[in-house]
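Here is a colleague's note to read alongside the structure. Please keep the sequence and the 3D view open while working through the numbered points.

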Amino acid sequence: MTVEHFFAICPRGLETLLANELRALDAQGVTPEPGGVAFDGTLGVAYAANLHSRLASRILWEAAHRPYSSEDDLYATAHAVAWEANFNARQTLRVDLTATRAPLRSLEFATLRIKDGIVDRLREKTGDRPSIDRARPDVRVFAHLDATHVTLYLDLSGEPLFKRGWRAEKGEAPLKENLAAGLLMLAGWRPARPLLDPFCGSGTIAIEAALMASHRAPGLARSFSFEKLEGFDRAAWKALLEEAHAQIDDQAAACIVGSDISTRVVALAVKNAELAGLKSWLDDGRLSFSPRDARESVPIGEHGVIITNPPYGEQSNPKSASVPKMMANVGDRLKQTFAGWDAWFLTSDRALPRQMRLQETRKTVLFNGPIECRFFRFELVEGSYRPRSAALDHGTGGG
Ligand SMILES: C[S@@+](CC[C@H](N)C(=O)[O-])C[C@H]1O[C@@H](n2cnc3c(N)ncnc32)[C@H](O)[C@@H]1O
């Protein structure tokens, strides 16, 4: 297989971790950029990235990279690509475009010209025009314009990769699975360490943790766009799947607990965990979910870690007080009963440390979709209820 250029998209703030994941999959020329990571490799490496990356949202295969100054240049670039080598006119198509500092008046018109270039090329080469399907296309082309260059990509993923194929229903404001995996990695969580999510909602963080602990490839329960492309290497894909199945370790030791004040979302979390293939983990208690108010959380062992995404704004749940007041009580509870633990909170509310009367020892800026968030780390010091002021020593990033 020849070496190709790819771009892996991820939530902003996780680029460095994604670069590490890609290097471990034998990607070359790995270069983090805002919102993703460029890399080189064979198509086999790109298949593996789709199957194994816990952080990427999509893997894109670069088809063209050219200078442009007008919509006609975009048409010519799209028309010059041998799309017929990868898909045919019976497959439905969708074109998406993003731009930074593009010198064109209408991005809608730019998208249309790129789509025309692709469609005309296929009609000339095959005699047929593909139809456009924005909802469930077989093939997606992504175009990116900067001030001087257009890059065209063929999407290899299809549904975004954070859709692992196991989610039944969503609770309130669920995290995307790749952001949840990113939180676990940023916190340096290892399965040997007890993990508690006291605001677990539909269970995303706890389920991602159990999938990591069991070495289950996140893409094992879904399909990908590249399987529909011409030239799909079925034998290479089968070998990757067999290897991924052989890596699963369902006996791995772990202690992962999720709780939430809402019994409805706790039931959802259990259902999601079952659908994710973690029934044996639920049965023997290595993964568990229970209804509980976070103000009454109890440690599940020593020197564990809390990784959580508390509510923000006013609560819809009438059992809960206003969020700042509740978080003050949660802060007291942590100081009193979780000495020796680390606690990591993802929130868009910069006042959270003040509300909890805790001093963060680290904060990282992350984006939950378009929402700018902080991932705060608090070290819960043994033998003291008082916040540590010296703890600021190793603060990083963020504003
Ligand atoms: C932002 S959501 C968490 C979403 C979760 N990370 C997921 O991916 O589904 C916040 C959760 O906090 C819960 N909650 C609100 N007040 C609570 C309290 N006092 N104790 C425990 N859970 C609470 C809500 O029911 C909601 O599920």
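How many nonpolar, polar and charged residues does the shell around the ligand have?

1. The model is predicted, and the values below should be read with that in mind. Sorted by class, the shell around the ligand holds 11 nonpolar residues, together with seven polar and five charged ones. In total, 23 residues surround the ligand, and the closest of them are Ser202, Thr204, Asp260, Ala294 and Met326.

2. Particular atoms of the ligand can be followed to particular residues. The side chain of Thr204 has a polar atom 2.5 Å from an oxygen atom of the ligand, and in the side chain of Ser202 an N or O atom is found 2.8 Å from an oxygen atom of the ligand. With Ile261 the backbone takes part instead of the side chain, since one of the polar backbone atoms of this residue is 3.1 Å from a nitrogen atom of the ligand. Taken alone, the ligand would expose 600 Å², and 98% of that area is buried by the protein.

3. The next topic is charge. Side chains of opposite charge can pair when their charged atoms come close. The count for this model comes to 26 salt bridges. One of them joins the side chains of Asp155 and Arg58, with 2.9 Å from N to O. Asp155 belongs to strand β7 (residues 149-155) and Arg58 to strand β4 (residues 58-67), so this pair ties together parts that are 97 residues apart in sequence. Both Asp155 and Arg58 are buried.

4. How exposed are the two partners in the salt bridge of Asp120 with Arg129, whose closest N and O atoms are 3.8 Å apart? Asp120 has a relative accessible area of 15% and is therefore buried, because buried means under 20%. Arg129, on the other hand, has a relative accessible area of 48% and is partly exposed, because that class lies between the 20% limit and the 50% above which a residue counts as exposed.

5. A further salt bridge is formed by Glu360 and Lys363, where the closest N and O atoms are 3.5 Å apart. Glu360 has a relative accessible area of 10%, so this residue is buried. Salt bridges can also be joined into a network, and one such network links Asp72, Arg113, Lys115 and Asp116.

6. The last topic is the aromatic rings. A pair of aromatic rings is described by the distance of the centres and the angle of the planes. Over the whole structure, a search finds 14 aromatic pairs. One of these is the stacked pair of Phe6 and Phe39, with 5.3 Å from centre to centre and 25° between the planes. Phe6 is part of strand β1 (residues 4-9) and Phe39 is part of strand β3 (residues 36-41), so the two rings tie together parts that are 33 residues apart in sequence. Phe6 counts as buried at 2% relative accessibility, and Phe39 is buried as well, with a relative accessible area of 1%.

7. Phe376 and Phe378 likewise form a stacked aromatic pair, with centres 6.1 Å apart and planes at 20°, and both Phe376 and Phe378 are buried. Which residues do ring pairs link into a cluster? The members of this cluster are Tyr47, Phe224, Phe226, Phe232 and Trp237.

Methods. Residues are numbered from 1 along each chain as its sequence is written. This is a predicted model: local features need pLDDT of at least 70, side-chain atom pairs count only at pLDDT 80 or more; totals for chains, interfaces and linings use all residues. Side-chain values use heavy atoms; hydrogens and water are left out. A residue is near a molecule or strand if one of its heavy atoms lies within 4 Å of it. A polar contact is a pair of N or O atoms within 3.5 Å; within protein, one must be able to donate a hydrogen and the other to accept it, and residues adjacent in sequence count only if both atoms are side-chain atoms. Accessible areas come from the Shrake-Rupley method with a 1.4 Å probe; for residues, only the protein chains shown count as cover. Ala, Val, Leu, Ile, Met, Phe, Trp, Tyr, Cys and Pro count as nonpolar, Asp, Glu, Lys and Arg as charged, and the others, Gly among them, as polar. A salt bridge is a side-chain nitrogen of Lys or Arg within 4 Å of a carboxyl oxygen of Asp or Glu. Helices (H or I, at least four residues) and strands (E, at least two) are DSSP runs, numbered from the N terminus. Buried means under 20% relative accessible area, exposed over 50%, partly exposed in between (1.4 Å probe, protein chains only). Rings of Phe, Tyr and Trp (its six-membered ring) pair if their centres lie within 6.5 Å; planes under 30 degrees apart count as stacked, over 60 as edge-to-face and the rest as tilted.
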